[in-house]
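Open the model in your viewer and keep the selection tool at hand. Each stop below says what to pick and what is there.

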Amino acid sequence: MAARSRSMRTPSVPLQVPLLVAWPLLLLLAGAGGCHGALLKAHFYRHSCPAAEAVVRDIVLARVAADPAALPAKLLRLFFHDCFVRGCDASVLIDSTSGNTAEKDAAPNTSLGGFDVIDTAKAVLEAVCPGTVSCADILALAARDAVSFQFGRELWDVQLGRRDGVASRASEALANIPSPSANFTALEARFAAKGLDVKDLVILSGAHTIGVGHCNAFAGRLSSGSGGGDPTLNAAYASQLRARCGPSPSSNNATAVPLDPGSAARFDAHYFVNLKLGRGLFASDAALLTDRRAAGMIHRLTRQGYFLQEFKNAVRKMGRVGVLTGDQGEVRRNCRAVN
């Protein structure tokens, strides 16, 4: 069943934690108590923290309005990387300690961003509804709201009731997050381990319609093979990438290029158009064309309406991966540390 589409207003409240002053009535509206229930559901905080979704939305929209080209991709990627390690439990937000290297400091996660947005939303919600709204739910909402900004409406509905995990290990990030250099077999295995199928893999790869990639993440495509590069990479595009990345792309982790050239700041179906033209940036993008099942889906996904509908279904499915509910886990007071 299609979810109801709700308009999204751009907030007029300046974004700082003093944003608390913009919510004086929330203290009156907020109910007591924490999370209850064993399953995710719509409007989970209707009684315990009625303004929770609005608080997150207003904070995210204010921040995205100031950085519309980069922040949606950062928050969507943060959500993806969270869900692929221990499930969608906000373990990616936990800081390392002297005795533990956390997920966020693993090699696949060192370029993640958007943590400060989650911190701001959590600070406001802790003042309004202490110990009620999980960091995992804040992250799920923030990813949806950031991507939806350009459309002025919610692209998908987010069911809530996740609890926060109490562990975060860099080794698990290394073992679970799909690599940008992965072939199709490896990608399929990583997704299947999370209960996601080939269709989910192809559609969620469409998130690469926004964001950037660093030269060292695709350097192998520029220098491998007898012809001096990956023959599946569009020759003109490869020349552009070599010019941007310089003579030593494998050691260049500073230069970033758009994942979806020609439509880098728009969440749209253009990624799949580029893919068909041999202009997928990562080896993992090009790998979608090497599998008959995956390749057969790509043409239809070049249609904007179809892509948005299918992405809605796939990202909602991903958002249910390995969730903690009911009495599992905890509701962190600070998203960066367990209670």
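Start in a loop. Select His43, which is found between helix 1 (26-29) and helix 2 (52-66). This is a predicted model, so read each stop as a computed feature. Check the backbone of His43: phi is near 55°, a positive value in a residue other than glycine. Most residues other than glycine have a negative phi. His43 has a relative accessible area of 23%, so it counts as partly exposed.

**A second positive phi**

Next, select Arg86. It lies in the loop between helix 3 and helix 4 (115-128). Arg86 is not a glycine, yet its phi is positive, at about 65°. Is Arg86 buried or exposed? Its relative accessibility is 36%, and therefore Arg86 is partly exposed.

**The whole chain**

Zoom out and colour by secondary structure. The protein has 14 helices and two strands. Of its 339 residues, 51% count as buried. Now turn to the contacts with a separation of 6 or more. Residues 24 or more positions apart account for 75% of them.

**Helix 3 against helix 14**

Select residues 71-83, which form helix 3, and residues 304-318, which form helix 14. Their axes come within 10 Å. How do the two helices cross? The angle is roughly 45°. An angle of that size makes helix 3 oblique to helix 14.

Show the side chains where the two helices meet. From helix 3, pick Leu76, Phe79, Phe80 and Cys83. From helix 14, pick Phe311, Val315 and Met318. By class, this contact has seven nonpolar residues, with no polar and no charged ones.

**The largest cavity**

Keep Phe79 and Val315 selected. Both are among the residues that line the largest cavity. How many cavities of 30 Å³ or more does a search of the whole structure find? One. The largest cavity holds about 100 Å³ of space.

Extend the selection to the rest of the lining. Add Leu40, Ala140, Trp156, Asp157, Val158, Gln159 and Arg162. Then add Arg316, Gly319 and Arg320. By class, the lining of the largest cavity has six nonpolar, two polar and four charged residues.

**The largest pocket**

Now switch to a surface view. The largest pocket has a volume of about 1200 Å³. Its lining takes in 43 residues. To find the centre, select Arg77, His81, His208, Val212 and Phe282, the lining residues closest to it.

Which elements supply at least two residues each to this lining? Select helix 3, helix 7 (184-192) and helix 8 (198-205). Add strand 1 (212-214) and helix 9 (215-223). Finish with helix 12 (283-286) and helix 14. Helix 3 gives the most, with six residues. By class, the lining of the largest pocket divides into 26 nonpolar, 13 polar and four charged residues.

**Arg77, by the pocket centre**

Go back to Arg77, one of the residues closest to the centre of the largest pocket. Arg77 lies in helix 3. Its relative accessibility is 30%, so Arg77 counts as partly exposed. Which residues does Arg77 contact, leaving aside its neighbours within four places in sequence? They are Pro108, Ser111 and Leu112.

Draw a distance from Arg77 to His208, C-alpha to C-alpha. The two atoms are separated by 9.3 Å. Along the chain, Arg77 and His208 are 131 residues apart.

**Helix 12**

Move to helix 12 and select Ser284. Ser284 is buried because its relative accessible area is 9%, below the 20% cut-off. Show what Ser284 touches, not counting residues up to four places away in sequence: Ser179, Pro180, Ala182 and Leu187.

Last stop: Ala286, also placed in helix 12. Its relative accessibility is 14%, so Ala286 counts as buried. Leaving out residues up to four places away in sequence, Ala286 touches Arg221, Thr232 and Leu275.

Keep Ala182 in view for a final distance. The C-alpha atoms of Ala286 and Ala182 are separated by 9.8 Å. Along the chain, these two residues are 104 residues apart.

Technical notes
Residues are numbered from 1 along each chain as its sequence is written. This is a predicted model: local features need pLDDT of at least 70, side-chain atom pairs count only at pLDDT 80 or more; totals for chains, interfaces and linings use all residues. Side-chain values use heavy atoms; hydrogens and water are left out. Axes are lines fitted to C-alpha atoms, for helices over the stretch in contact, and angles run from 0 to 180 degrees between N-to-C directions. Helices (H or I, at least four residues) and strands (E, at least two) are DSSP runs, numbered from the N terminus. Angles under 35 degrees count as roughly parallel, over 145 as roughly antiparallel, 65 to 115 as roughly perpendicular and the rest as oblique. Contact means heavy atoms within 4.5 Å. Ala, Val, Leu, Ile, Met, Phe, Trp, Tyr, Cys and Pro count as nonpolar, Asp, Glu, Lys and Arg as charged, and the others, Gly among them, as polar. On a 1 Å grid over the protein atoms alone, a cavity is a set of points where a 1.4 Å probe fits but cannot get out, and a pocket is an open set with protein on both sides within 12 Å along at least five of seven lines; lining residues have an atom within 4 Å of a point. Grid points are joined across faces, edges and corners, and a volume is the space filled by probe spheres set on the points. Buried means under 20% relative accessible area, exposed over 50%, partly exposed in between (1.4 Å probe, protein chains only).
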